[in-house]
Amino acid sequence: MVEDLTALAVKADELPGGEPVLDRARARGRRAVEIAAGAVEIDPTLLQESSGRGWGLEILAELLRQLRPLARQAALALEHARLIDAGAPPESFRRIGRINPLAPDELDALSERAVEIAEGLAAKALPDWNTPRRIRERSQRLLPEPAFLAELADQLRRAVRPALELDYPAPAATRLAALADQLHAAGEDQPKACAAPGCGRGLRPATTGRPRTYCGPACRQRAHRARTSNSVRIDR
């Protein structure tokens, strides 16, 4: 479960200010949380599908966590630049320590990305989330993966095989073997879902070539951007 949205708002408020790039990052952090909160108010199921349609909540929480140390690095880099412009003595630089000169630009980019993630989340909010149609769609998304069902069926078959190989197998063994067949069939019947975060739409079988992974170019690009966001790391 993603962190409480109130906790995310506190993280945004705790970002330092006093410089245009710092104030801009804090304002964006607040704005991102406001957008996310509005999306959840429209569609509370986003909180319950943090690994699916609500994937942006988890990424937003991580970005806000990274913004705070990056903002501190940006403040130090800006102070270092001011000391250079003022011709400060060497001892003034020693108290600052090691700096990341790229921190202000990285902070600007990361805070902008936080707003983009929140806006993407808002686009996934469904005002009709509690209608029968949407509930059925959500139920479909929450089903186990076909690979899990196939593995479960194989485990069950292996478990009951010794009992079935006897001349007079117990009725329970026969029923369990039939259940394994049903699990296997359920996995094959279940349509493969688009792998893009927040999508989950069923994929049409590919007529030629490799099996489909995404339902279209937009989802392919969204998956790429999600991987890029998840790969961001801040040195401490």
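**Salt bridges and a long-range look at the helices**

By the rule used here, the count comes to 15 salt bridges. A salt bridge is a side-chain nitrogen of Lys or Arg within 4 Å of a carboxyl oxygen of Asp or Glu. This is a predicted model, in which local features need pLDDT of at least 70 and side-chain atom pairs count only at pLDDT 80 or more, while totals for chains, interfaces and linings use all residues. Residues are numbered from 1 along each chain as its sequence is written, and side-chain values use heavy atoms, with hydrogens and water left out.

Take one pair, Glu19 and Arg82. Their side chains meet in a salt bridge, at 2.5 Å from N to O. Glu19 lies in the loop between helix H1 (5-13) and helix H2 (20-42), and Arg82 lies in helix H4, so the pair ties together parts that are 63 residues apart in sequence. Helices here are DSSP runs (H or I, at least four residues), numbered from the N terminus. How buried or exposed is Glu19? Glu19 counts as partly exposed because its relative accessibility is 23%. The cut-offs are these: buried means under 20% relative accessible area, exposed means over 50%, and partly exposed is in between (1.4 Å probe, protein chains only). Arg82, at 43%, is also partly exposed.

Now stay with helix H4. It covers residues 55-86, which makes 32 residues. How far apart are its end C-alpha atoms? They are 46 Å apart, and this agrees with the expected span of 46 Å, at 1.5 Å a residue. That expected span is 1.5 Å times one less than the number of residues. H4 also has a kink of about 25° at Arg68, shortly before the proline Pro69. The bend at a residue is the angle between axes fitted to the seven residues ending there and the seven starting there. Just after H4, Gly87 takes a positive phi of about 65°.

Next, helix H2. Arg26 and Asp23 both lie in this helix, three residues apart, or about one turn. Their side chains form a salt bridge, at 3.7 Å from N to O. Arg26 is partly exposed at 23%, and Asp23 is partly exposed at 34%.

Arg24 makes a salt bridge with Asp108, where the closest N and O atoms are 2.9 Å apart. Asp108 lies in helix H6 (residues 103-124) and Arg24 in helix H2, so this pair ties together parts that are 84 residues apart in sequence.

Finally, look at a group. Asp128, Arg133, Arg134 and Glu137 are linked in a network of salt bridges.

How values were computed:
Helices (H or I, at least four residues) and strands (E, at least two) are DSSP runs, numbered from the N terminus.
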